[in-house]
Amino acid sequence: MTVPIDDPDAIARILANTDALLLDFDGPICSVFAGFPAPVVAGQLAEILTEAGHDLPPDVATATDPFDLLHHAATLGTHEAELVNAAFRAHEVEAIHSAEPTPGAHELIEAWKHTGRSLAIVTNNSRTAIETYLDLYDLGGHVDFVAARTSKVTSLLKPSPYLVTRAVRELAAQPNRSTLVGDSVTDIVAAKAAHVMVIGYSNKPGKADRFLELEPTALVTTMALLLLPVQAEHPDIAYEP
């Protein structure tokens, strides 16, 4: 299978056959930890577990991804999982205020709403953080549903198809008429398991090669490329990359 990369015609065809657009949050919409680095958050979550008396494996103790700590906490018990999830959620909300919007993403959300089609955010980040961001940028009215982390249960997070499937169902869409845009391997795996189309957003070096192995529907290196065919329908939505 040949995966189109930064192909405007391919993106236009995919979006023309999309009734429900599903956007991952961290990456496609914004860089959540731009001002509050994820390794710092991970370190603070590790401290919570060590202070609770747990000896962490070296790979967990030095992890730079907060989700690694969240997943490990889930193996330690209900109390630890709840403790780390609550702390992580608080850090996410704090980070939102210094998050950097992804160029073209807000305009895409606004323009898509103008087409009369549905849009959901599908993310492993906490629902509280997403709602904080949408309120901060007055985007809530353009988003029909948020499928996000609402508890300590990590088995429901991507790469599980649960959140993707839930969003499709809540939007009353068909999987083959739905498209997820995500910037991680877990997004692509979850989308394919949920039988929806998936556009990989390759925003960092090395991602494209990993994505291509999973054969997404298409790849883009800029979110603005998704905006172009939608903007063509609604030129009043201004964006200059």
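In this predicted model, helix 1 and helix 11 cross in a right-handed sense. Their axes lie 9 Å apart and make an angle of about 60°. Further topics are the largest pocket, the surroundings of helix 6, and several residues with backbone angles worth checking.

**Helix 1 and helix 11**

- Two packed helices are described by the angle between their axes and the distance between the axes.
- For the right-handed pair of helix 1 and helix 11, the helix 1 side of the contact consists of Pro8, Ile11, Ala12 and Leu15.
- Helix 11 contributes Leu225, Leu226, Pro229 and Val230 to this contact.
- By residue class, the contact of helix 1 with helix 11 has eight nonpolar residues, no polar and no charged.

**Helix 6 and its cover**

- Helix 6 spans residues 105-114, and its buried residues are Ala105, His106, Leu108, Ile109, Ala111 and Trp112.
- Helix 1 (8-16) and helix 11 (224-233) are among the elements that cover these buried residues.
- The cover also includes strand 1 (20-23), strand 3 (100-101), strand 4 and helix 7 (127-136).
- Gly116, just after helix 6, has a positive phi of about 85°.

**Largest pocket**

- The largest pocket holds about 730 Å³ of space.
- Its lining is made up of 27 residues.
- Asp26, Asp65, Phe67, Asp183 and Ser184 are the lining residues nearest the centre of the pocket.
- At least two lining residues come from each of strand 2 (30-31), helix 4 (66-76), strand 4 (118-126) and helix 9 (185-193).
- Helix 4 gives the most to the lining, with four residues.
- The lining of the largest pocket comprises seven nonpolar, eleven polar and nine charged residues.

**Loop between strand 5 and helix 8**

- Pro159 is in the loop that runs between strand 5 (145-149) and helix 8 (162-170).
- The peptide bond joining Lys158 and Pro159 is cis, with omega about 25°.
- Thr154 is also in the loop between strand 5 and helix 8.
- Thr154 counts as buried because its relative accessibility is 15%, under the 20% limit.
- Leaving aside residues up to four places away in sequence, Thr154 touches Leu70, His71 and Ala74.

**Positive phi outside glycine**

- Most residues other than glycine have a negative phi, and most peptide bonds are trans.
- Ala172 is not a glycine, yet has a positive phi of about 55°.
- The loop between helix 8 and strand 6 (178-182) contains Ala172.
- Ala172 has 71% relative accessibility and therefore counts as exposed, the cut-off being over 50%.
- Glu215 is another residue other than glycine with a positive phi, here near 55°.
- The position of Glu215 is in the loop between helix 10 (207-213) and strand 8 (218-220).
- With 34% relative accessibility, Glu215 counts as partly exposed.

**Ala193**

- Ala193 belongs to helix 9.
- Ala193 counts as partly exposed because its relative accessibility is 38%, a value in between the limits of 20% and 50%.
- Ala193 and Val168 are 25 residues apart along the chain, and their C-alpha atoms are separated by 13 Å.

Methods. Residues are numbered from 1 along each chain as its sequence is written. This is a predicted model: local features need pLDDT of at least 70, side-chain atom pairs count only at pLDDT 80 or more; totals for chains, interfaces and linings use all residues. Side-chain values use heavy atoms; hydrogens and water are left out. On a 1 Å grid over the protein atoms alone, a cavity is a set of points where a 1.4 Å probe fits but cannot get out, and a pocket is an open set with protein on both sides within 12 Å along at least five of seven lines; lining residues have an atom within 4 Å of a point. Grid points are joined across faces, edges and corners, and a volume is the space filled by probe spheres set on the points. Ala, Val, Leu, Ile, Met, Phe, Trp, Tyr, Cys and Pro count as nonpolar, Asp, Glu, Lys and Arg as charged, and the others, Gly among them, as polar. Buried means under 20% relative accessible area, exposed over 50%, partly exposed in between (1.4 Å probe, protein chains only). Contact means heavy atoms within 4.5 Å. Axes are lines fitted to C-alpha atoms, for helices over the stretch in contact, and angles run from 0 to 180 degrees between N-to-C directions. A crossing is left-handed if the near helix is turned anticlockwise from the far one by less than a right angle, and right-handed if clockwise.
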